[in-house]
Structure formats: structure tokens, C-alpha cells
Amino acid sequence: WSEAECTRQQLPVTPENQRSVLGRALSLVRFPLMSVEEFAMGPAQSGLLTDREIVSLFLYFTVNPKPSVGFEAMPRCRMMGKELTVCRFSQTDSRWGYSGTSDQIRFCTDRRIFLVGYGVYGSVHGPAEYQVLIQLIHTASGKIIAANSTNFSSDGSNYTYRLMFKEPIEIIANTIYTASATFKGPDSYYGTKGIRKITVDSDSDKGKVKFQFSFAAGDNNGTSIEDGQIPELIFYT
């Protein structure tokens, strides 16, 4: 498009003029969502990006936590396919109490996914309201990648309730993250007979996703691989 626009404006087709006619639209190109191979073979050699932009994008592809780059890194939801859920418990029991400490569990995947929320348990005492702060933390650095303070109404059943982040979050393969939820509300159900390794069929040509859960040491309100809160991760591939 930029080449055609340069021609229309009777400008020489140069990287400088292409950037000029693109203006702020260039920053909306989702270079960070490409694979490193796609970026290296295409945009990195196009002459359209500055050396500094190329270096920052290669860093984005290869290090964690991700540095900020001047390009859109959020996927379009309509490109993300079918919503999927991984449940890490085999059974549900009662009851689980709250005193201001966050329930936390660590996880990693064998491929890139986009996390959109958690499934959590609600009240064992009939209808009740909860206030919850959900967070996703990059475990190695302790950086909070995403957070959302939200509410939900529980009807007293042992079903799970969806708590969603404001935007999808890119989960990098073989990187450990900590799922965290801080509850204000009455005692709830909890999961038991937890599973450490789970494979989810993505029901697409993208194949399966393997999850591995691990204990989040420290203040975690008792949540572990075997028992606790945050039974579900909701995601797209």
C-alpha cells in the first residue's frame, strides 16, 4: 500500500517516503505477533524499519519479560479461533476460606497461547457476592503482566465462574507464569485431586497444548497442585 501511495503522490518509493505516507498506521502493524523466522525473512529486510526498531523487535521475540515496542502486540480476537479451557482438578470439595492472601498456582505451556481469564469456585453457603483481583505474573521477574479487579455473583452451586482479563495475554512457550486471585467473600468450594500435567486438544490444525502446573511457594492461601482455587485457565491458541 505504501508503495502505491508514494506513486499516487508522485514521490520516489523510498523507505523514508513509505514511512511518511504510512504515518501512525505503521505502529498498528502487528510485527510482534509474527514468528521470529517470519520477521527475519520479511520486515527485517524490507528497509522500512529502522535499525533500532529491528533490534527492539528481535529482543521482543527472544527475551522475557517482553520489552515494550512501538508496534501493536495484541491479537485481533477474531483471529484467535475457538475458546478453550484447561481444568486442573478431578473433583470438587468444600470448603475454602479467605483472609486477604492470594491463591496462586504456577503453570507453563509447550507452545504459545493467549490467556483470557480464569475459572474460579464460588460460595458453599448459597448465593453470595465476591470481589476478586486476578493477576498474571511472570514468575522469574515477579512482574505483573496483567491484572483486573472484578466481581461475580455465586449461586451456591459447585460450578466454576469466569473471571476475565481486559485483553488477551500472550503466553510464551516454556515460560513459567503465576496465576493469582485474591478473594473477598465467604467460604467457597475448592478443587481436589489435582493433575500436574494436562494435554488439551485445540480441535484445530494447531494441534495439542500441554500444560504443566507447579507449586507457587510463599503466601498462596494453601492453593497447590493437589488442592485449592483457580481450577481453570481460559485461553485461545
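These legends describe an overview and several close-up views of a predicted model.

**Figure 1. Overview of the protein chain in the predicted model.** The chain has four helices and 12 strands. Its C-alpha atoms fill a box of roughly 75 × 35 × 30 Å along the principal axes. Of the 237 residues in the chain, 46% are buried. The accessible surface comes to about 12,300 Å², and carbon and sulfur atoms account for 49% of that surface. Among contacts with a separation of 6 or more, 78% join residues 24 or more positions apart. The chain carries 24 positive and 24 negative charges, and the mean positions of these two sets are 1 Å apart.

**Figure 2. The salt bridge between Glu5 and Arg8.** This is one of six salt bridges in the structure. The side chains of Glu5 and Arg8 meet with an N to O distance of 2.7 Å. Both residues belong to helix 1, where they sit three residues apart, or about one turn of the helix. The two partners are covered to unlike extents. Glu5 has 12% relative accessibility and therefore counts as buried. Arg8 has a relative accessible area of 59%, so this residue is exposed.

**Figure 3. The salt bridge between Glu83 and Arg162.** The side chains meet at 2.6 Å, N to O. Glu83 is in the loop between helix 4 and strand 1, while Arg162 is in strand 7 (residues 160-171), so the salt bridge ties together parts that are 79 residues apart in sequence. Glu83 is partly exposed, with a relative accessible area of 29%. Arg162 is also partly exposed, at 48%.

**Figure 4. The salt bridge between Arg112 and Glu170.** The closest N and O atoms of this pair are 3.2 Å apart. Arg112 is in the loop between strand 3 (103-109) and strand 4 (113-121), and Glu170 is in strand 7; the pair links distant parts of the chain, 58 residues apart. Arg112 has 34% relative accessibility and counts as partly exposed. Glu170 is buried, because its relative accessible area of 16% falls under the 20% cut-off.

**Figure 5. A nonpolar surface patch formed by Val55, Leu59 and Val63.** Together the three residues have about 220 Å² of accessible area. Val63 is in the loop between helix 4 (51-62) and strand 1 (84-87). With 31% relative accessibility, Val63 counts as partly exposed.

**Figure 6. The surroundings of Ala40 in helix 3.** Helix 3 covers residues 36-41. Leaving aside residues up to four places away in sequence, Ala40 touches Gln45 and Phe58. Ala40 has 25% relative accessibility, so this residue counts as partly exposed. Gly117 is 77 residues from Ala40 along the chain, and the C-alpha atoms of the two are separated by 32 Å.

**Figure 7. Positive phi at Gln10.** Most residues other than glycine have a negative phi. Gln10 is not a glycine, yet its phi is positive, at about 60 degrees. The residue is placed in the loop between helix 1 (2-8) and helix 2 (15-22). Gln10 counts as exposed, with 73% relative accessibility.

**Figure 8. Positive phi at Ile230.** Ile230 is not a glycine either, and its phi is about 55 degrees. This residue is located in the loop between strand 11 (208-214) and strand 12 (232-236). At 1% relative accessibility, Ile230 counts as buried, whereas Gln10 in the previous view counts as exposed.

**Figure 9. The cis peptide bond from Ser94 to Arg95.** Most peptide bonds are trans. The bond from Ser94 to Arg95 is cis, and its omega is near 10 degrees. Arg95 belongs to strand 2, which covers residues 89-96.

Methods:
Residues are numbered from 1 along each chain as its sequence is written. This is a predicted model: local features need pLDDT of at least 70, side-chain atom pairs count only at pLDDT 80 or more; totals for chains, interfaces and linings use all residues. Side-chain values use heavy atoms; hydrogens and water are left out. Patches are made of residues with over 30% relative accessible area and no salt bridge: like charges are joined within 9 Å, nonpolar side chains (Val, Leu, Ile, Met, Phe, Trp, Tyr) within 5 Å. Accessible areas come from the Shrake-Rupley method with a 1.4 Å probe; for residues, only the protein chains shown count as cover. A salt bridge is a side-chain nitrogen of Lys or Arg within 4 Å of a carboxyl oxygen of Asp or Glu. Helices (H or I, at least four residues) and strands (E, at least two) are DSSP runs, numbered from the N terminus. Buried means under 20% relative accessible area, exposed over 50%, partly exposed in between (1.4 Å probe, protein chains only). Contact means heavy atoms within 4.5 Å. Lys and Arg count as positive and Asp and Glu as negative; His and the chain ends are not counted. The place of a charge is taken as NZ of Lys, CZ of Arg, CG of Asp or CD of Glu.
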